[in-house]
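Trainee: Please take me closely through one part of this model, strand by strand if need be. Then show me what lies around that part and elsewhere in the chain.

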Amino acid sequence: MWILALEASTTSAKAMLYDMRTGRFTERTRSFRKANGAGTVQDAETVYRYMVQTGRELAEGKEVAMISLSGTWHSMMLCDRDIKPVTPVYPWSYTGASGVCDRLRRDESFVHEYYHRTGCMVNAMYPIFKLLHLREQGYRTEDYYIMGQGTYNNYRLTGKRVTTACMASGTGFLNIHTGEYDQESLETAQVKREQLCALADYQKTYPLSTEGAAALGLRPGIPVVLSNADGGLNQIGAGAVREEYMTCSVGTSGALRLSTKCPILPDRPSVWCYLSPKGWLGGAATAGGCNCIDWFIDKMTAGRMGYGQLEDEEGCITDTPVFLPFLFGERCPGWHDGRRGGFAYVDAGHGIRDLYRGIQQGVLFQLYLCYEFLTKSAGDPKRILLSGGILNSRIWTQMCADIFGREMEVQESKQGSLMGAVILAREVMKDLRDAGDYEPEIREVIRPCGKRHRQYMEQYERYLHVYHK
């Protein structure tokens with residue numbers, strides 16, 4: 001028997017087919033970046049089609065016992081009463097609501113109280129503020145259902161308008177303490193509870209609909225585990241449900257996450273707190289990651305140069321230009337959604353590879369700044385598990401270990417969130433006592449170089465100088 005995990009990430013559809021008898025698995029990824037244009041908004045049906053087609057290619061001819069779904073936090077769209085999208089999907093990277101948030105942030109008491117109820121900052125990436133933005137654009141938001149790509153995928157495969165507390169915790173509508181929708185937040189957005197998807201326990205499955213079965217080429221009735229957020233699932237797939245383990249993911253964006261026994265909410269908002277299927281997650285995230293690399297290749301080289309041509313060894317670390325990775329605004333720790341990126345300390349001797357290396361450093365320096373804030377609230381982790389697109393680059397991966405001055409552990413599967421979806425399905429099927437018991441095999445440990453760490457810390461001081469200015 002097989003478990004099929006499906007994911008709609010920010011720029012690609014992913015699937016994993018897991019053999020329950022042997023523990024072996026196959027992964028597949030299909031980018032829908034070009035199909036969605038610039039990627040600042042997405043077409044829900046396009047993303048869904050890419051996801052099911054990727055899964056169909058893997059699962060053809062297999063006896064699938066369960067399907068488990070994964071998706072990104074913070075996406076939002078409006079659907080009519082027939083669950084037909086009437087707006088694009090606005091992913092986390094959409095910053096159209098920055099004006100709304102700028103006005104709301106002037107009320108410090110509102111920001112403080114909202115953050116300590118929901119674990120979310122007043123920031124344009126959250127669906128609650130995207131909804132307020134749409135109201136200002138003339139939408140009668142009370143006439144529509146409010147969904148995201150993950151909940152839309154739930155509906156298309158099961159016919160049910162349902163979500164998990166994990167996914168809902170990234171909307172800005174959920175009370176992080178009760179695990180239920182927050183009444184004050186509903187009133188702020190002028191939303192009725194029935195406009196949001198019903199909350200369901202992560203262990204509750206729904207049968208694959210006839211329509212969903214036809215799309216996947218599978219039989220109807222297969223149990224479907226609802227979409228949980230990729231960040232929460234990555235924590236499971238990395239074996240990091242234990243409190244002392246931190247995950248560091250550098251994909252389209254970047255994120256650091258720690259499992260905690262209770263919500264971590266410092267008095268001054270800097271880090272976020274959401275729910276995974278297995279408890280609370282304290283974390284910090286950057287809007288800039290591999291998307292900054294993609295931007296540089298697309299815009300600065302017109303696509304004529306690839307990663308391999310641009311990447312070289314570290315060179316003179318402290319002579320690299322400083323890059324602020326805020327092409328999509330800032331998330332943690334400053335939460336300035338209208339912030340913009342750019343280069344500093346550039347001179348006539350710098351070439352295109354120096355600028356590229358500056359982007360690699362800038363992404364990691366911003367993550368390291370987040371690390372300092374997160375560990376100040378939650379303490380230093382015993383282990384750090386590295387995942388995401390950064391693993392495609394040996395140089396960038398080593399740079400990460402050197403900047404943090406910490407060993408970075410890499411597991412066998414590069415798709416931690418897909419593996420997390422599989423492990424969650426195994427728990428639901430009683431094939432595993434608890435998803436938190438899972439501990440993956442470590443394929444490699446990246447060890448830092450003390451000399452390079454000291455050099456990077458000199459460069460980090462220049463980065464902080466530019467950041468604070």
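Mentor: Start with one pair of residues: L6 stands opposite L69 in β4. Keep in mind that this is a predicted model.

Now widen the view to the sheet. Six strands form an open sheet, in the order β3-β2-β1-β4-β10-β9. Its pairing is mixed. The edges are β3 and β9. Each has a single partner strand, so one side of each has no neighbour in the sheet. Neighbouring strands are turned against each other by 20 degrees on average, direction ignored. Helix α5 (residues 149–158) packs on this sheet and touches β1, β4, β9 and β10. The direction of α5 makes about 175 degrees with that of β10. Helix α14 (residues 416–428) packs on the sheet too. The strands touched by α14 are β1, β2, β3, β4, β9 and β10. Its direction makes about 135 degrees with that of β1.

Next, go through the pairings. Take β4 (residues 64–71) as the reference strand. Eight of its eight residues are buried, so β4 is mostly covered. On one side, β4 pairs with β1 (residues 2–8) in the parallel sense, over seven bridges. Besides the opening pair, I3 stands opposite M66 in β4. The pairing of β4 with β10 (residues 223–229) is also parallel, over four bridges. There, G71 stands opposite A229 in β10.

Move on from β1 to β2. These two strands run antiparallel and are joined by seven bridges. A hairpin of three residues links them. A8 is placed opposite A13 in β2.

How much of strand β2 (residues 12–19) is covered? Eight of its eight residues are buried. Both faces are covered. On one side, the buried residues are S12, K14, M16 and Y18. On the other, they are A13, A15, L17 and D19.

That brings us to the β3 edge. β2 and β3 (residues 25–31) run antiparallel, with seven bridges between them. A15 has R28 as its bridge partner in β3. This hairpin has five residues between the strands. In its turn, G23 has a positive phi of about 80 degrees.

Look at one loop as well. S209 is in the loop between β9 (205–207) and α8 (210–216). Buried means under 20% relative accessible area. S209 is at 17%, so it counts as buried. Beyond its neighbours within four places in sequence, S209 is in contact with R156, L157, T158 and P220.

Now a helix. Eight of the 10 residues of α4 (residues 127–136) are buried, so the rest of the structure largely encloses α4. The buried ones are P127, I128, F129, K130, L131, L132, H133 and L134. Their cover includes β5 (77–79), α2 (98–104), α3 (108–118), β6 (145–147) and α7 (183–189). After α4 comes G138, with a positive phi near 105 degrees.

Finish with two helix packings that share α12. Two packed helices are described by the angle between their axes and the distance between the axes. Helix α12 (residues 352–378) packs with α15 (residues 450–468) at about 85 degrees, axes 10 Å apart. That makes the two roughly perpendicular. From α12, the contact uses Q361, G362, F365, Q366, Y368, L369 and E372. From α15, it uses Y456, M457, Q459, Y460, Y463, L464 and Y467. Nine of these contact residues are nonpolar, four polar and one charged.

The second partner of α12 is α13 (residues 394–404). Their axes come within 10 Å and cross at roughly 40 degrees. That makes α12 oblique to α13. The crossing is right-handed. On the α12 side are R357, Q360, Q361, V363, L364, F365, L367, Y368 and Y371. They meet W396, M399, C400, I403 and F404 of α13. The residues of this contact divide into 11 nonpolar, two polar and one charged.

Methods. Residues numbered from 1 in each chain as written. Predicted model: local features only at pLDDT ≥ 70, side-chain atom pairs only at ≥ 80, totals over all residues. Heavy atoms only, no water. Buried < 20%, exposed > 50% of the residue type's maximum accessible area, 1.4 Å probe, protein only. Contact = heavy atoms within 4.5 Å. Pairing = 2+ DSSP bridges. Axes fitted to C-alpha atoms, helices over the stretch in contact; angles between N-to-C directions. Parallel < 35°, antiparallel > 145°, perpendicular 65-115°, else oblique. Nonpolar A, V, L, I, M, F, W, Y, C, P; charged D, E, K, R; others polar. Left-handed = near helix turned anticlockwise from the far one by under 90°.
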